[in-house]
Amino acid sequence: MQKVELLQQRLHAIADSVRQHPDGLALIGLGSVGKELARMDEYSDLDFYAIVKEGAKPAFVDNIHWLESIAPVAFKFRNTDDGYKLLYEDGVFCEFGVYTLSELNSIGYNEGRVIWADDSVPVDIAIPKNPPHATEESVEFLLGELLTNLYVGLCRYQRGEKCSAMRFVQVYAIDRLIALLPYMQESQPAFVDGYSPDRRIEQRFPPSQIDLSPFMQGYDKSPESAKALLDFVSQHFEVNAALKGEILRLV
């Protein structure tokens, strides 16, 4: 059986399990098994919310027989108060939460897809009441953060704090670069994750447009990564000469 077919079958089996439970109300698929079904592939996992009746959540979370009865489970751990990460023996990985209808109205998530829902459940259950809102940050703010991330990271590198340096230069500064990219280049059509802007960045800004690898060269190469990123942003924005000079001095 192909992995995509296995994922689809397992998702519907989970929906059937929730449906058969006396306190089950709905199953919402999220991510590549939700509204973004077109991007499901062999590397996808099953992200979902099980919606249950008021008062039934503890039983669903404390005892996940409704999942374990479907297929043998190789690994599980409770990563939040609401749910688990779980791996079936056949390689199907799940990340899920259990919520009541009242809880669902107060949490944020990307719009999903109803896999199954009881007739008593609102038809718009998969549409979040509190969708993610992109923070409106100015170019000046983003550029200032990026440059100061480079400076602080290089200072820590010179101090011998290579792990912290790597994170400042090759993680935090890259987060700011991702936010700045739409101001530099036109984005290609792709699903945008409101919670993780780095998702599918290669589809939105293909390597033919921008090669990100010089900015993330690894643990021992924060100076080289910082220099490459500084050179790149300097081509697109006016960079403060004093701060640029300090960064170059530390490279």
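Me: Why does phenylalanine 77 count as partly exposed?
Reply: Its relative accessibility is 37%. Buried means under 20%, and exposed means over 50%. The value for phenylalanine 77 falls in between, so the residue counts as partly exposed. Keep in mind that this is a predicted model.

Me: What about phenylalanine 75: why is it called partly exposed?
Reply: Phenylalanine 75 has 43% relative accessibility. That value also lies between 20% and 50%, so the label is partly exposed.

Me: What makes the aromatic pair of phenylalanine 75 and phenylalanine 77 tilted?
Reply: Look at the angle. The planes are 45° apart. Stacked needs under 30 degrees, and edge-to-face needs over 60. An angle of 45° meets neither, so the pair is tilted. The centres are 5.9 Å apart, and the limit for a pair is 6.5 Å.

Me: What makes the pair of tyrosine 84 and phenylalanine 96 stacked?
Reply: Their planes are 15° apart, with 5.8 Å centre to centre. Stacked means under 30 degrees, so 15° earns the name.

Me: Why does the pair of tyrosine 84 and phenylalanine 96 tie together parts that are apart in sequence?
Reply: Tyrosine 84 sits in strand β4 (residues 83–88), and phenylalanine 96 sits in strand β5 (residues 93–100). The pair therefore ties together parts 12 residues apart in sequence. Both tyrosine 84 and phenylalanine 96 are buried.

Me: Which residues do ring pairs link into a cluster?
Reply: The cluster holds Phe48, Phe60, Trp66, Tyr84 and Phe96. The whole structure has nine aromatic pairs.

Me: How do you know that β4 and β5 pair?
Reply: Count the bridges. There are five between β4 and β5, in the antiparallel sense. Pairing needs at least two, so these strands pair. One of the bridges joins leucine 86 to cysteine 94 in β5. The two strands form a hairpin with four residues between them. In the turn, glycine 91 has a positive phi of about 95°.

Me: What makes β5 largely enclosed?
Reply: Six of its eight residues are buried, so the rest of the structure largely encloses β5. β5 also runs parallel to β2, and seven bridges join them. There, aspartate 47 has glutamate 95 as its bridge partner in β5.

Me: Why is strand β1 called mostly covered?
Reply: Strand β1 covers residues 24–30, and seven of its seven residues are buried. Each of them is under 20% relative accessible area, so the description fits.

Me: Which residues stand opposite isoleucine 28?
Reply: In β2 the bridge partner is tyrosine 49. In β6 isoleucine 28 stands opposite valine 114. β1 pairs with strand β2 (residues 46–52) over six antiparallel bridges. With strand β6 (residues 113–117), β1 has four bridges, again antiparallel.

Me: How do you know that cysteine 163 is too far from cysteine 155 for a bond?
Reply: The sulfur of cysteine 163 is 17 Å from that of cysteine 155, its closest cysteine sulfur. A disulfide needs sulfur atoms within 2.5 Å, so this pair fails. The structure holds zero disulfides.

Me: Are cysteine 155 and cysteine 163 buried, partly exposed or exposed?
Reply: Cysteine 155 is at 22%, and buried needs under 20%. Cysteine 155 is therefore partly exposed. Cysteine 163 is partly exposed at 44%.

Me: How do you know that the length of helix α8 agrees with its number of residues?
Reply: Helix α8 (residues 222–234) has 13 residues. At 1.5 Å a residue they should span 18 Å. The end C-alpha atoms are 18 Å apart, so the two values agree. Buried residues of α8 include Leu229, Leu230 and Phe232. Among the elements covering the buried residues of α8 are α5, α6 and α9.

Me: Where is glutamate 111, and what makes it partly exposed?
Reply: Glutamate 111 is in the loop between α4 and β6. Its relative accessibility is 32%, between 20% and 50%, so it counts as partly exposed. Beyond its neighbours within four places in sequence, glutamate 111 contacts Lys35, Ala126, Ile127 and Pro128.

Me: What makes arginine 10 lie over the face of tyrosine 88?
Reply: Arginine 10 is 4.6 Å from the ring centre of tyrosine 88. The distance limit is 6 Å, so arginine 10 is within it.

Conventions: Residues numbered from 1 in each chain as written. Predicted model: local features only at pLDDT ≥ 70, side-chain atom pairs only at ≥ 80, totals over all residues. Heavy atoms only, no water. Buried < 20%, exposed > 50% of the residue type's maximum accessible area, 1.4 Å probe, protein only. Expected span 1.5 Å × (residues − 1). Contact = heavy atoms within 4.5 Å. Phe/Tyr/Trp six-rings, centres within 6.5 Å; stacked < 30°, edge-to-face > 60°. Lys NZ or Arg CZ within 6 Å of the ring centre and 35° of its normal.
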